Amino acid sequence: MIIILTGFLVTFLVWLPFLLGGKGGLFTLFQNYDGPNYLVIAKSWYDKAFISSHFSLPTPLEYYPAHLPGFPITIAILNYLFLGPTAMLISTLFFSILSAIAFYLFIYKFKLSENPLWLSLVFLVFPARWVAVKAVGSPEPMFIFAIIASIYFFKSAFDKVENNLISKKKSVTIDLFLAGVFGAIAQVTKSPGILLFIAYLGFLGYKTIKVKRNFLKDFIKPAIPLFLIPVSAIVVFCFYKIRTGDFLAYFHSGDNFHLVFPPFQSFSQNRSWLGDFWREDMVWQYLLGALTVILLLKQKLYDLASFAAVFFTATLFIAHRDLARYSLPLVPFTLIAFDKLIQKKEFKIALLIILPAIYLYALNFISHNTAPIADWAPYL
């Protein structure tokens, strides 16, 4: 209950200045990218003719398939009870609180924190980009919830195997199936969900080779339910084929791909989506990501480290100014890695000092990250 109330309160405090009419009022929350794009999808389901005749956003029609259908599905469901933009905010709020609950259950069950409640409360207010994302229409809360839930069941399955709980064999199968289901939900929400599948295969391969187990029994069989993740991506592509006529519409969505080689192209001056040359903060983000992987390995949390390592490695190849948003799925694992520090009195004092900065950052970001929408009627 404390997590639910705190989660709602944090978001409500960010909403409050806009609810009171500041900086464009409530519509500023609705206008924040990429919320309007997901609203368009929830209304049109990628139908180009419908989009061009009903919406006036200066967004190329081929760009919409870059936004996967998972989050819009929740908007469409809630739209039966609330108007489109309101349904979008409620969906984001619901999954942001659900992700914090899932995080608490995860660290509590597997004893990953000295104080699970405190670490979960920190998760609700840090980092600042997460606070801003949770207050507008965005798929990240749903994506992060699905990732945590998937890893929860994956870790549950292998903990039972490691402890030789033979009587739990059926339970292990169910856990792996649920890991695949929630992994599939992550995949249809945001494309980096496939990294979860890669991390799982990497961990299974490591365990199989390390203990010289039977390849068929200890690698292939556990991996079968996890194939729900790539299969869900194929289902999305089939849906794109039906709605747009292009099976590979996601890959034909224009300037949407920010994975480039070699790494650290975020400091290039010749790429789009990078803005100015003030990017030292990105170096600190890389450092935090690297420390997350190293500390998880040091703590012998190899299953968590496998995902953190795969996801962190992917961020090294991202050429986009909003690296903080792309790195958000790493946050739960960073908090776990730094739990001993976060539990200290010194950290609590420091967090108290910077809370106003986090709040002001969120307000400032939301106030300026808006789409030019002249007519709201089609979104309702």
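This passage describes selected helices, individual residues and enclosed spaces of a predicted model.

Two helices were examined for their span. Helix α19 comprises 24 residues, 345-368, and extends 35 Å from its first C-alpha to its last, close to the 34 Å expected at 1.5 Å a residue. The axis of α19 is nevertheless kinked by about 40° at I354, shortly before the proline P356. Helix α6 covers residues 84-109 and holds 26 residues. For α6 the expected span at 1.5 Å a residue is 38 Å, and the computed separation of its end C-alpha atoms, 37 Å, agrees with this value. Following α6, K111 adopts a positive phi, near 55°.

Several residues of α19 are withdrawn from the surface. F347, L351, I358, A362, L363, I366 and S367 are buried in this helix. The elements covering these buried residues include α1 (2-19), α2 (26-31) and α7 (116-125), together with α8 (128-133) and α18 (339-342).

Helix α1, one of the elements that cover α19, also contains T11. With a relative accessibility of 1%, T11 falls under the 20% limit and therefore counts as buried. Beyond residues up to four places away in sequence, T11 is in contact with L93, K134 and A135. Of these contacts, L93 lies within the residue range of α6, 84-109.

A further buried site occurs outside the helices. S253 is located in the loop that joins α13 (228-244) to α14 (280-298). Its relative accessibility is 2%, and S253 is therefore classed as buried, the limit being 20%. A polar atom of the S253 side chain lies 2.7 Å from the backbone oxygen of Y250. When residues up to four places away in sequence are left out, S253 touches E62, Y63 and A66. Within α13 itself, V231 was also considered. V231 has a relative accessible area of 43%, between the limits of 20% and 50%, and is therefore partly exposed. Although V231 and G70 are separated by 161 residues in sequence, their C-alpha atoms are 14 Å apart in space.

Attention then turned to open and enclosed spaces. The second largest pocket contains about 780 Å³ of space. Its lining is formed by 30 residues, of which F126, P127, Q285, L288 and A324 are the closest to the centre of the pocket. At least two lining residues are supplied by each of α8, α14, α15 (302-315), α16 (323-326), α17 (331-337), α18 and α19. Helix α14 provides the largest share of this lining, with six residues.

The structure holds one cavity of 30 Å³ or more. The largest cavity encloses about 40 Å³ of space. Its lining consists of N32, Y33, R129, A132, V133, V136, S138, R325, F365 and N369. The largest share of these lining residues, three, comes from α8. Helix α8 thus recurs in several settings: among the elements that cover the buried residues of α19, among the helices that line the second largest pocket, and in the lining of the largest cavity. Helix α19 likewise supplies at least two residues to the lining of the second largest pocket, and F365, which lines the largest cavity, falls within the residue range of this helix, 345-368.

Notes. Residues numbered from 1 in each chain as written. Predicted model: local features only at pLDDT ≥ 70, side-chain atom pairs only at ≥ 80, totals over all residues. Heavy atoms only, no water. Helix = DSSP H or I, 4+ residues; strand = E, 2+ residues; numbered from the N terminus. Expected span 1.5 Å × (residues − 1). Bend = angle between axes of the 7 residues up to and from the residue. Buried < 20%, exposed > 50% of the residue type's maximum accessible area, 1.4 Å probe, protein only. Contact = heavy atoms within 4.5 Å. Polar contact = N/O pair within 3.5 Å; in protein donor to acceptor, adjacent residues only side chain to side chain. 1 Å grid on protein atoms, 1.4 Å probe; cavity = no way out; pocket = protein on both sides within 12 Å on 5 of 7 lines; lining within 4 Å. Points joined across faces, edges and corners; volume = space filled by probe spheres on them.
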